[in-house]
Amino acid sequence: MNDYQFKLAKFKGEFVWHDHKDTDEVFLVVQGSMSIYLEDGIVDLQEGEMFVVPKEARHKPFAKEECHVLLVEPRGVVNTGSSGGKLTAENDVWID
C-alpha cells in the first residue's frame, strides 16, 4: 500500500540491536507476547497491542515463546537495519 509493506513474522528469542535511519517501524502483536528493548527502557506487548519504534531509535525485539507479529514499514526496509548479520532476512519474499 503506497510503497508500504505489511509483513507477517514469527519471533522467538533475542534479535539484534539495530535502528532504521529513515523510518518508523510498527509492531502489532497478532499472537503471543513480546518485548522491545530500547536504550531508555523496555516496552512489553501482548496480543492485540501495537508499538511504533521511532526512526533512529535503537531497539531489540525479544520473545520468550513464539510470537506472531505484523510489521508495517516502507518497501525495502532491512529487518536488521545497518547492523546486518546472520539474522538479516531476504526482502520482498512472498509466500503463496
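What percentage of the contacts in the chain between residues at least 6 apart in sequence join residues at least 24 apart? In this predicted model, the share is 71%. The report below describes the strands, the nonpolar core, the salt bridges and a few individual residues.

## Strands and their pairing

The chain contains six strands and zero helices. Read from the N terminus, its elements therefore follow the order β-β-β-β-β-β, where a strand is a DSSP run of at least two residues. Of the 96 residues, 33% count as buried. The accessible surface of the chain is about 6,300 Å², and carbon and sulfur atoms account for 52% of it.

Several strands pair with one another in the antiparallel sense. β3 and β4 do so over six bridges, and one bridge sets S33 against its partner Q46 in β4. A hairpin of two residues connects β3 to β4. β3 also pairs antiparallel with β6, over four bridges; here L38 stands opposite H59 in β6.

β2 likewise has two antiparallel partners. Five bridges pair β2 with β6, and V29 stands opposite V69 in β6. Four bridges join β2 to β5, with E25 having V53 of β5 as its bridge partner.

## The nonpolar core

In soluble globular proteins, nonpolar side chains tend to be buried together. The largest nonpolar core of this model has 13 residues. The residues with the most contacts inside this core are F11, F27, M34, I36, L45, C67 and V69. Two or more core residues come from each of β2 (25–31), β3, β4 and β6. Of these elements, β6 gives the most, with four residues.

F11 shows how such contacts reach across the sequence. Leaving out residues up to four places away, F11 touches F27, M34, P61, A63, E65, E66, C67, V69 and L71.

## Salt bridges

The structure holds four salt bridges. Three of them are listed here, with the N to O distance and the relative accessibility of each partner.

| Pair | N to O distance | Relative accessibility |
|---|---|---|
| K60 and E14 | 2.5 Å | K60 12%, E14 49% |
| D19 and K21 | 3.1 Å | D19 9%, K21 48% |
| E39 and R58 | 3.0 Å | E39 62%, R58 32% |

The pair of K60 and E14 forms a salt bridge at 2.5 Å. This pair links distant parts of the chain, as K60 lies in strand β6 and E14 in strand β1 (residues 4–14), 46 residues apart. K60 counts as buried because its relative accessibility is 12%, and buried means under 20%. E14, at 49%, counts as partly exposed.

In the pair of D19 and K21, D19 is buried, with a relative accessible area of 9%, whereas K21 is partly exposed at 48%.

## E39 and R58

The third pair, E39 and R58, meets in a salt bridge of 3.0 Å. E39 lies in the loop between β3 and β4 and R58 in the loop between β5 and β6, so the pair ties together parts that are 19 residues apart in sequence. The C-alpha atoms of E39 and R58 are separated by 6.5 Å. E39 is exposed because its relative accessible area is 62%, and exposed means over 50%. R58 is partly exposed at 32%. Apart from residues up to four places away in sequence, E39 touches W17 and R58.

## E56 and H59

Two further residues deserve attention. E56 is located in the loop between β5 (50–53) and β6 (59–74). Its phi is near 75°, a positive value in a residue other than glycine. E56 is exposed, with a relative accessible area of 51%.

Is H59 buried or exposed? H59, which lies in strand β6, is buried, with a relative accessible area of 0%. Beyond its neighbours within four places in sequence, H59 is in contact with V16, W17, H18, D19, H20, E25, F27, I36, Y37, L38 and V53. Among these contacts is L38, the residue that stands opposite H59 in the pairing of strands. In addition, a polar atom of the H59 side chain lies 2.9 Å from the backbone oxygen of A57.

Notes: Residues are numbered from 1 along each chain as its sequence is written. This is a predicted model: local features need pLDDT of at least 70, side-chain atom pairs count only at pLDDT 80 or more; totals for chains, interfaces and linings use all residues. Side-chain values use heavy atoms; hydrogens and water are left out. Buried means under 20% relative accessible area, exposed over 50%, partly exposed in between (1.4 Å probe, protein chains only). Contact means heavy atoms within 4.5 Å. A polar contact is a pair of N or O atoms within 3.5 Å; within protein, one must be able to donate a hydrogen and the other to accept it, and residues adjacent in sequence count only if both atoms are side-chain atoms. Accessible areas come from the Shrake-Rupley method with a 1.4 Å probe; for residues, only the protein chains shown count as cover. A nonpolar core is a set of buried Ala, Val, Leu, Ile, Met, Phe, Trp, Tyr and Cys residues joined through side-chain atoms within 4.5 Å. Two strands pair if DSSP finds at least two bridges between them. A salt bridge is a side-chain nitrogen of Lys or Arg within 4 Å of a carboxyl oxygen of Asp or Glu.
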